[in-house]
Amino acid sequence: MRIHIATDHAGLEFSRTLQAHLSNAGHEVIDHGPVEYDALDDYPAFCINAALGVARDQAAGTKALGVVFGGSGNGEQIAANKVDGIRAALVWSMDTAILAREHNDANVISIGARQHTVEEAIRYIDAFIAEPFSGDERHVRRIAQLAEYETTGDIAGKGVDVAPHAEAPAE
């Protein structure tokens, strides 16, 4: 499988270790940066490029997933999720790694390099890669609703952007 990786300065050592681990496991690793440590670098472009790589590969029929790192993983997940067709999940346990794939068909995971050991991150990533999407109807339906909202700004019949009924203020 092709694995797209990106980080910022906080995850650079994680990224290097991970790339070696994934390559040794037989995966094709694409590194989207950074290539050297810079305490002032910015993660958005790195993570967006990794997510674009995943989206393009999947659209072309190539099996691909992505892994992004940062101090907490939050910003990196947000950046990856800005790319059409990407479902990036913040992973902090084995359960979240497995459920990201099984229930959400996530194609990118984000991990906080300052929150986990490299050994934990490797376990989460290996589990994420190994876990197939369940294909259960309820999960397919929910993912389709997210895609519908991305393309139309609505989810038909689901009351998106409908203001709740508020009681009139007392006089």
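This passage walks through a predicted model, starting with helix 4 and moving on to a pocket and two backbone oddities.

Helix 4 spans residues 94-102, and part of it is tucked away from the surface. Its buried residues are Thr96, Ala97, Ala100 and Arg101. Viewed down the helix axis, these residues fit within an arc of 130°, so they line one face of helix 4. The general geometry of helices helps here: with 3.6 residues to each turn of an α-helix, residues three or four places apart point the same way. As for what sits over the buried residues of helix 4, the cover includes strand 3 (64-70), strand 4 and helix 5 (118-130).

Thr96 is worth a closer look. This residue of helix 4 has a relative accessible area of 16%, and it counts as buried because that value is under the 20% cut-off. Leaving aside residues up to four places away in sequence, Thr96 touches Leu90 and Val91. There is also a link to the backbone just ahead in the chain: a polar atom of the Thr96 side chain lies 3.0 Å from the backbone nitrogen of Ser93.

Next comes the largest pocket, which holds about 230 Å³ of space. Its lining is made up of Asn81, Gly85, Ile86, Arg87, Ala88, Ala89, Asn104, Ala106, Ile143, Leu146, Ala147 and Glu150. Sorted by character, the lining residues come out as seven nonpolar, three polar and two charged. Two elements, strand 4 (88-90) and helix 6 (137-152), each put at least two residues into this lining. Helix 6 gives the largest share, with four residues.

Finally, the backbone does something out of the ordinary in two loops. As a rule, most peptide bonds are trans, and most residues other than glycine have a negative phi. The bond from Gly33 to Pro34 goes the other way: it is cis, with omega near 0°. Pro34 belongs to the loop that runs between strand 2 (28-31) and helix 2 (43-59). The second case is Asp105, which is not a glycine but still has a positive phi of about 50°. Asp105 is found in the loop between helix 4 and strand 5 (108-112). With a relative accessible area of 21%, Asp105 is partly exposed, whereas Thr96, back in helix 4, is buried.

Notes. Residues numbered from 1 in each chain as written. Predicted model: local features only at pLDDT ≥ 70, side-chain atom pairs only at ≥ 80, totals over all residues. Heavy atoms only, no water. Buried < 20%, exposed > 50% of the residue type's maximum accessible area, 1.4 Å probe, protein only. Polar contact = N/O pair within 3.5 Å; in protein donor to acceptor, adjacent residues only side chain to side chain. Contact = heavy atoms within 4.5 Å. 1 Å grid on protein atoms, 1.4 Å probe; cavity = no way out; pocket = protein on both sides within 12 Å on 5 of 7 lines; lining within 4 Å. Points joined across faces, edges and corners; volume = space filled by probe spheres on them. Nonpolar A, V, L, I, M, F, W, Y, C, P; charged D, E, K, R; others polar. Arc of directions from axis to C-beta.
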